[in-house]
Amino acid sequence: MTQTNFESKNVVPSSIAQVGIITKYTLLDYVRSRRFFIMLTITALISVLLTVLVGYYRPAGFLTSELGFYSSWWGTSVTFVIILSGIFFGGDAISGEFQNKTGYFGVPNPIRRSSIYIGKWIAAFIASIAILGVFTAVTLGNGLYYFSGVPSQFGESLLFALLYLVAVLGFTFFFSSLFKSSSMSILLTAILFLFVFTLIQQLVAGLVQIEPWFILTYGSQIIGNVLTSPYPPNITTASLRPGGGGPTLTTYNATIPEGLAIMGIYFVITAVVGLILFERKEFN
Amino acid sequence: MPSIEAVNLTKQYGAFTALSGLNLKIEGTKCVGFLGPNGAGKTTALKMFTDLIRPTKGEALINGVNVHTEKKKALASVGTLIETPEIYSSLTPREALTMIAEIRGIPHTERKKRVEDVVAELRMEEWIDKRVGKFSKGMKQRICIASALLNDPTVVLLDEPTTGLDPRGMSEVRDIIKALKGKNRLIFMSSHILSEVSDVCDEVAMINHGKLIIYDTLPHVTAKFSGGNNVVEVGLMRPVDNQIVTKTIAGFPDVVAAEKIGDKDLKISFSGGLEVQERLLNDIVKLNIGVVSYKPASSELEDVYLKLITATL
Ligand SMILES: Nc1ncnc2c1ncn2[C@@H]1O[C@H](COP(=O)(O)OP(=O)(O)OP(=O)(O)O)[C@@H](O)[C@H]1O
Ligand SMILES: [Mg+2]
């Protein structure tokens, strides 16, 4: 019996090569579907708004010191840009395959589901990096207009921001593989990142008075904190009554190792669980 | 030889059994029709052959390879169309199909031509560089069929491939499927269009309530349930007397039964081949009852289908 008779002449590419194929076409889809440009426009709007406000009102917080400038400009808004990117590119990455039935086109092919997941993740990461790049360029452009140098802490902050992006995308992909409805996964991810995480963080810190080390947004504080000098203390307890005594308020600030660990662990856990969920999820 | 095999293949949704212990081995170059009423479990079975869902028990094998545990290997040379897939709406057929071609490892040098060829085969050349988002249902279906044929697969799994196509599209797809048989391919397709199945399939597998009822060659299946007789349908231009049908025609040599199926339509079953069929036509015409058409009944498979399905309800 001749085996070759019916076997395919095509050699199915390695899983790694297939990851690249998925990344390429997902990026093409982002560009074509205008998803990328909408996100770019939002980033541009935030940038223009900041540029105009700082240029016109010349707020002291921005303009008294180099570090203060980067802390006020970058430290307060970059996490927002990252979260938006995560929602835009990751919010329905997996759920959309089920809801829109595009999975029926791609999945029944000689390709592992993990290659599809990872390929889409990398595409979302690249697209978000481009967005983050634009925001970084605008930040630096303004910074160099007002001050001559760039503080070394900005480099650190940028690296932390990248790690945060990785963690946020890990989380949004995980969340989007929990659901079969795109709008549901997008909405819940947005609510979680924009309100719930911060709310829990404040409740835990303020009422329960323990350090909210298990909240991703708490870890992301290091992006802004590294730009303040001196670095804020891990735990501060202040009295609420002038002159001391009475009820106290404890505030927590993630230390750099803590922040890195929180973001890193969030990524690893959500990536693994998200992959397993997608592997096991049924198209029905 | 290409093959697909279900070994005790079972799918349960909670307490509900969508497919129950399907054992079926199909091997060789042929087209097998997969029949059964709505909800019988056809799509469920096909989804397990493409790893869209996991079996609760048992396994699905393609060319001897387990689809769930070794998906990449099992589907290496398979073309599939399950339910109605959607394509990323911002991509064009050329881009979407090139993506599939890359995933399946069609060499770089052949990709462009293969994509253009299958698109032409499905008569979508004009649309190859337009975005899929604005396509009609049938146009998308054509692209999905094109994607199933893209890598010249040895095994083709199709779930109601002609739904949504216009009449010409249906007949074109049938011709494509017939042509595949000539190329050493195994085609397994579900369908509700029995005339289509009689036309293109060599064998049929029928399921109901998640259980296999019969799997045999088309002639065997029809012969087994029509008692080995042939059936012709006669169309008349005016109503005919009952007597003539039940007495005269039923009394002709070799005629097993004759009945009116409408005011001006008769159904006659007879034993014997083409000679008997010709003599019978002569005899009926001589009766001067206004014969305007005379053709072998196309509903043979339908009869079998209805008999089998009601028997298992
Ligand atoms: N996710 C699910 N949960 C529960 N039951 C399901 C699910 N998917 C399918 N079923 C049931 O499984 C049975 C088989 O469905 P299937 O889609 O395989 O039928 P089919 O033979 O393809 O029917 P049709 O001819 O209508 O396409 C049906 O009764 C259906 O209700
Ligand atoms: Mg079906």
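A polar contact is a pair of N or O atoms within 3.5 Å, where within protein one atom must be able to donate a hydrogen and the other to accept it, and where residues adjacent in sequence count only if both atoms are side-chain atoms. The model is predicted, with local features needing pLDDT of at least 70, side-chain atom pairs counting only at pLDDT 80 or more, and totals for chains, interfaces and linings using all residues. Residues are numbered from 1 along each chain as its sequence is written, chains are lettered from A and ligands numbered from 1 in the order in which they are written, and side-chain values use heavy atoms, with hydrogens and water left out.

**Exercise 1. Describe the interface of chain A and chain B.**

Step 1. Begin with the contacts, where contact means heavy atoms within 4.5 Å: 42 residues of chain A are in contact with 46 residues of chain B.

Step 2. Turn to the buried area, which is the accessible area (1.4 Å probe) that two parts lose on being put together, summed over both. For chain A and chain B this area is about 3,900 Å², and carbon and sulfur atoms carry 54% of it.

Step 3. Count the polar links: there are 25 residue pairs in polar contact across the interface of chain A and chain B, both residues being at pLDDT 80 or more. Salt bridges, in which a side-chain nitrogen of Lys or Arg lies within 4 Å of a carboxyl oxygen of Asp or Glu, number five between chain A and chain B.

Step 4. Assign the side of chain A that touches chain B to its elements, using helices (H or I, at least four residues) and strands (E, at least two) as DSSP runs numbered from the N terminus. Two or more residues come from each of H1, helix H6 (103-106), helix H7 (113-146) and helix H12 (256-280) of chain A, and H1(A) gives the largest share, nine residues.

Step 5. Sort that side by class, with Ala, Val, Leu, Ile, Met, Phe, Trp, Tyr, Cys and Pro as nonpolar, Asp, Glu, Lys and Arg as charged, and the others, Gly among them, as polar. The side of chain A that touches chain B then has 16 nonpolar, twelve polar and 14 charged residues.

**Exercise 2. Work out the surroundings of B:Glu102.**

Step 1. Locate the residue and its salt-bridge partner: B:Glu102 pairs with A:Lys24, and their closest N and O atoms are 3.0 Å apart. Because B:Glu102 belongs to helix H3 (residues 93-103) of chain B and A:Lys24 to helix H1 (residues 15-32) of chain A, the pair joins two chains.

Step 2. Judge accessibility, where buried means under 20% relative accessible area, exposed over 50%, and partly exposed in between (1.4 Å probe, protein chains only). B:Glu102, at 9% relative accessibility, is buried, whereas A:Lys24, with a relative accessible area of 43%, is partly exposed.

Step 3. Add the other neighbours: the side chain of B:Glu102 also makes a polar contact of 2.8 Å with that of A:Tyr25. Leaving out residues up to four places away in sequence, B:Glu102 touches A:Pro13, A:Ile21, A:Lys24, A:Tyr25 and B:Arg111.

**Exercise 3. Trace salt bridges that lie within a chain.**

Step 1. In chain A, the side chains of A:Arg35 and A:Asp92 form a salt bridge of 3.0 Å, N to O. This pair links distant parts of the chain, 57 residues apart, with A:Arg35 in helix H2 (residues 35-57) and A:Asp92 in the loop between helix H4 (66-90) and helix H5 (95-99) of chain A. A:Arg35 is partly exposed at 23% relative accessibility, and A:Asp92 is buried at 12%.

Step 2. In chain B, B:Glu203 and B:Lys30 meet in a salt bridge of 3.1 Å, N to O. B:Glu203 is in strand S9 (residues 203-208) and B:Lys30 in strand S3 (residues 30-35) of chain B, 173 residues apart, and both residues are buried.

Step 3. Finally, find the shared partners: salt bridges join B:Arg123, B:Arg142, B:Asp166, B:Arg168 and B:Glu172 into one network.

**Exercise 4. Characterise the interface of the two domains of chain B.**

Step 1. Set the bounds, which come from an automatic or database domain assignment: domain 1 of chain B spans 3-218 and domain 2 spans 225-308. Ten residues from domain 1 of chain B and five residues from domain 2 of chain B take part in the contact.

Step 2. Examine the surface: about 700 Å² is buried between domain 1 of chain B and domain 2 of chain B, with carbon and sulfur atoms giving 83%. Across this interface there are zero salt bridges.
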